[in-house]
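Dear colleague,

I am handing over the structure we talked about, with the sequence alongside. Please look through it first, and then read the notes below, which go through what was found.

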Amino acid sequence: MNPIDDYLETLATELKVSKKAKERILTETEDHLRERAEREEARGVSRAAAENDAIKSFGPAIEFACDFVAERATRATRSLWPLLAMPAGIALFMPVIVPTAYKAVVRDNDDLNRTFVAGLTTPYDFTDVAVFLTILLGCSWLFLWSKRSHVLPAKRLFRGLAGVWIADCLLGFQAVLWLPRDIPPLAVGVCGLQIALCTWIWVRASNASKLVKQSKELTERTTPPASLAA
Amino acid sequence: MGLEQAKGQVDLLLLSALAQGEAHGYAVIERIRVTSQEELDMPEGTVYPALHRLEREGLLSSRWDETSGRKRRVYELTKSGRKKLGIHQREWLSFSKAVNSVLAEGT
């Protein structure tokens with residue numbers, strides 16, 4: 001293997017980006033290094049020296065990979081904030097929209113006039129309890145996980161997410177209580193939608209956290225220890 | 001001018017180089033080096049993350065080109081890229097004018 005192939009192999013290992021992005025970055029890097037080496041060779045430099053010069057001018061593979069991973073991590077984290085607003089929005093509007101829509105369709109005011117407190121006086125059915133327990137377990141899991149996270153921005157992010165989720169689910173549960181007893185599938189649908197959304201955000205958040213961690217690891221590897229720097 | 005000074009103005013330099021016409025990464029670096037009479041010699045690897053970011057921001061567009069016999073990504077300035085370049089240029093000229101005035105007073 002020549003120096004350029006070695007460099008590309010290292011880069012391929014360090015680049016934690018999507019398959020498509022990796023392919024593009026590797027192709028661009030290879031084109032750049034080979035063009036630069038060819039020009040050096042044309043000036044009379046030996047092939048090996050030309051390839052080494054091209055690599056030296058390009059910079060270390062880890063630093064190059066680090067730039068891409070850090071950028072990706074920043075984007076992934078930023079893109080989560082608007083997503084967090086989504087369950088919060090649903091939490092706020094679902095308890096209003098669902099009973100209102102039901103009222104418009106069936107024109108039955110009796111059940112809709114019940115308040116949250118009044119709802120508690122009625123016996124829970126199996127669906128309510130199941131949904132509530134799922135929510136409670138989900139929230140506990142999320143809190144425990146957020147405490148385990150050792151990446152500071154991700155930690156804050158997960159805590160924020162957990163807060164929104166709890167508010168969301170409590171309001172969702174209130175919506176379940178508001179709904180008339182004879183339509184449990186709709187009640188389950190309301191909470192199910194929230195759980196699905198939160199799970200989706202959870203996956204995105206985990207991915208962002210992973211990227212932040214990878215970026216941090218790469219940065220640590222490219223930064224010399226303080227003792228050496230001094 | 002060295003690396004540190006060039007780093008803060010990478011976007012402006014890349015957009016300016018591409019205002020001269022579409023080019024692939026290596027050609028963009030060469031343009032900057034030649035136009036600046038070899039004063040701006042940026043670490044070549046720093047250019048690609050910046051090009052990718054500018055493309056995501058919609059200031060550049062890119063396509064694969066194989067006319068040279070090798071597969072390479074060619075970048076081009078978009079309409080909003082031209083607009084942004086104009087803004088950056090005005091800001092930079094105003095900044096450098098201010099710095100020059102202070103320096104002139106000091107000599």
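**What was found**

Just after helix α2 of chain A, the residue A:G44 takes a positive phi of about 100 degrees. Please keep in mind throughout that this is a predicted model, and that every value here was computed from it.

**Chain A**

The helix that comes before that glycine, α2(A), covers residues 19-42, and its 24 residues reach 34 Å from the first C-alpha to the last, close to the 34 Å expected at 1.5 Å a residue. Within helix α2 of chain A lies A:T29, which has 0% relative accessibility and therefore counts as buried, the cut-off being under 20%. Leaving out residues up to four places away in sequence, A:T29 touches A:Y7, A:L8, A:L11, A:F58 and A:F64.

A second position in this chain that you may wish to display is A:L211, which belongs to helix α9, residues 184-222 of chain A. A:L211 also counts as buried, at 3% relative accessibility. Its contacts, again without the neighbours within four places in sequence, are A:K16, A:V69, A:R72, A:A73 and A:A76. For one of these pairs there is a distance to check on screen: A:L211 and A:V69 are 142 residues apart along the chain, while their C-alpha atoms are separated by 7.0 Å.

**Chain B: overall make-up**

Chain B has 5 helices and 3 strands, and from the N terminus on these elements follow the order α-α-β-α-α-β-β-α. The chain has 107 residues, of which 40% count as buried, and it exposes about 6,200 Å², with carbon and sulfur atoms supplying 53% of that area. Among the contacts in chain B with a separation of 6 or more, 47% are made by residues 24 or more positions apart.

**Chain B: the sheet**

How are the strands of chain B ordered in the sheet? The 3 strands form an open sheet in the order β1-β3-β2, and the pairing is antiparallel. Strands β1 (23-24) and β2 (60-65) of chain B stand at the edges with a single partner strand each, so one side of each is left without a neighbour in the sheet. As for β3(B), 5 of its 6 residues are buried, so this strand is largely enclosed by the rest of the structure.

Taking the two pairings in turn, β1(B) pairs with β3(B), residues 72-77, in the antiparallel sense over 2 bridges. Here B:H24 has B:V74 as its bridge partner, and B:A23 stands opposite B:Y75. On the other pairing, 6 bridges join β2(B) to β3(B), which run antiparallel, and B:S62 of this pairing stands opposite B:Y75 in β3(B). The hairpin of β2(B) and β3(B) has 6 residues between the strands, and in this hairpin B:G69 takes a positive phi near 95 degrees.

Strand β2 of chain B also holds B:L60, which is buried, with a relative accessible area of 3%. Apart from residues up to four places away in sequence, B:L60 touches B:L15, B:L18, B:L51, B:L54, B:E55, B:Y75, B:E76, B:L77 and B:T78. The C-alpha atoms of B:L60 and B:L15 are separated by 8.2 Å, and the two residues are 45 residues apart along the chain.

**Chain B: the helices**

Helix α2 (residues 10-19) and helix α3 (residues 25-35) of chain B have axes that come within 9 Å and cross at roughly 100 degrees. That angle makes α2(B) roughly perpendicular to α3(B). The contact between them is made by B:L13, B:L14, B:A17 and B:L18 on the side of α2(B), and by B:V28, B:R31 and B:I32 on the side of α3(B).

Helix α5 of chain B, residues 79-106, has 28 residues that should span 40 Å at 1.5 Å a residue, and its end C-alpha atoms are 41 Å apart, which agrees. In α5(B), the residues B:G81, B:L85 and B:G86 are buried, and the buried residues of α5(B) pack against α2 and β3 of chain B.

With best regards

Key
Residues numbered from 1 in each chain as written. Chains lettered and ligands numbered in written order. Predicted model: local features only at pLDDT ≥ 70, side-chain atom pairs only at ≥ 80, totals over all residues. Heavy atoms only, no water. Helix = DSSP H or I, 4+ residues; strand = E, 2+ residues; numbered from the N terminus. Expected span 1.5 Å × (residues − 1). Pairing = 2+ DSSP bridges. Buried < 20%, exposed > 50% of the residue type's maximum accessible area, 1.4 Å probe, protein only. Contact = heavy atoms within 4.5 Å. Areas by Shrake-Rupley, 256 points an atom, 1.4 Å probe, with all protein chains shown as cover. Axes fitted to C-alpha atoms, helices over the stretch in contact; angles between N-to-C directions. Parallel < 35°, antiparallel > 145°, perpendicular 65-115°, else oblique.
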